[in-house]
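Hi everyone, thanks for making time for this. I'd like to walk you through one structure, so let's put it up on the screen.

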Amino acid sequence: MSVEERLQDVKARIEKAERLSKRPVGSVTLVAVSKTFDADDIRPVIAAGQRVFGENRVQESQGKWPELKAETPGIELHLIGPLQSNKAADAVALFDVIETVDREKIARALADEMRRQGRAPKLYVQVNTGLEPQKAGIEPKETTAFVEFCRKELQLSIEGLMCIPPAEENPGPHFALLAKLARECGVAKLSMGMSGDFETAVEFGATSVRVGSAIFGSR
Ligand SMILES: *Cc1c(COP(=O)(O)O)cnc(C)c1O
């Protein structure tokens with residue numbers, strides 16, 4: 001299959017999952033994860049109509065996305081990888097959605113940069129639903145307090161929650177936990193589901209799924 005065909009296939013599978021879970025068709029946003037692929041690999045996907053993309057590294061993104069964004073208006077770029085505070089300025093300048101806010105220090109750095117640059121990327125809080133020591137994200141039980149802190153202390157509007165379930169586990173319970181936490185803290189967006197489990201994520205209420213290899217091929 002060509003990359004265009006794989007994109008269409010993923011979109012058709014999302015639509016089928018929306019119908020099966022009685023959710024409106026089009027209610028789930030596909031974030032095409034283009035990490036490790038270069039501008040020439042990404043252009044055909046943009047040409048096929050895709051506008052929302054995800055990247056996990058700030059520096060890698062700076063090497064391709066300013067040019068791609070200049071070529072096509074209406075691109076929405078999501079940061080889905082861990083963010084260091086010394087990269088906060090670059091992230092605020094380039095990304096439209098930052099999905100990996102997960103500690104006070106980074107929230108403060110983003111708030112400062114957003115004020116300084118007059119830019120307001122949308123923000124999601126990453127939750128480490130599997131309590132994995134090597135994985136970024138706030139602990140589930142601290143999520144509500146952290147979202148409140150971002151809102152009250154830093155005047156940040158938190159729009160969503162994001163999770164990456166442990167690779168070896170059934171993702172359903174993790175998606176259900178993220179959906180429950182989102183209801184508890186009054187957050188509307190749920191970023192969950194990747195190539196291997198995006199249909200399950202749609203069933204559990206994902207508003208966006210982050211799909212890389214099923215579109216771009218293996219990395
Ligand atoms: C790489 C990545 C994805 C996409 O993974 P695939 O299995 O290739 O679909 C999704 N989310 C995050 C956070 C990633 O780093």
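Let's start with the ligand: which residue has a backbone N or O atom that lies 2.8 Å from an oxygen atom of the ligand? That residue is Gly212. Do keep in mind that we're looking at a predicted model.

Two side chains also come in here. In Lys35, a side-chain N or O atom is 2.7 Å from a ligand oxygen. Arg219 places a polar side-chain atom 2.7 Å from an oxygen atom of the ligand. As for cover, the ligand taken alone exposes 390 Å², and the protein buries 89% of that. Among the other residues around the ligand are Val33, Ile80, Met162, Ile164, Met194 and Ser213.

Now over to helix H6, which covers residues 104-117. Its 14 residues reach 20 Å from the first C-alpha to the last, close to the 20 Å expected at 1.5 Å a residue. Which residues in H6 are buried? They are Ile106, Ala107, Ala109, Leu110, Ala111, Glu113 and Met114. Their cover includes two helices, H5 (88-94) and H7 (143-152), along with strands S4 (97-101) and S5 (122-127). Right after H6 comes Gly118, with a positive phi near 60 degrees.

One last stop, and it's a charming one: Glu55, in strand S2 (residues 52-55). Is Glu55 buried or exposed? Glu55 is buried, because its relative accessible area is 0%, and the cut-off for buried is under 20%. The side chain of Glu55 has a partner, too: a polar contact of 2.9 Å joins it to the side chain of Trp65.

Thanks for listening, everyone!

Key:
Residues numbered from 1 in each chain as written. Predicted model: local features only at pLDDT ≥ 70, side-chain atom pairs only at ≥ 80, totals over all residues. Heavy atoms only, no water. Helix = DSSP H or I, 4+ residues; strand = E, 2+ residues; numbered from the N terminus. Expected span 1.5 Å × (residues − 1). Buried < 20%, exposed > 50% of the residue type's maximum accessible area, 1.4 Å probe, protein only. Contact = heavy atoms within 4.5 Å. Near = heavy atom within 4 Å. Polar contact = N/O pair within 3.5 Å; in protein donor to acceptor, adjacent residues only side chain to side chain. Areas by Shrake-Rupley, 256 points an atom, 1.4 Å probe, with all protein chains shown as cover.
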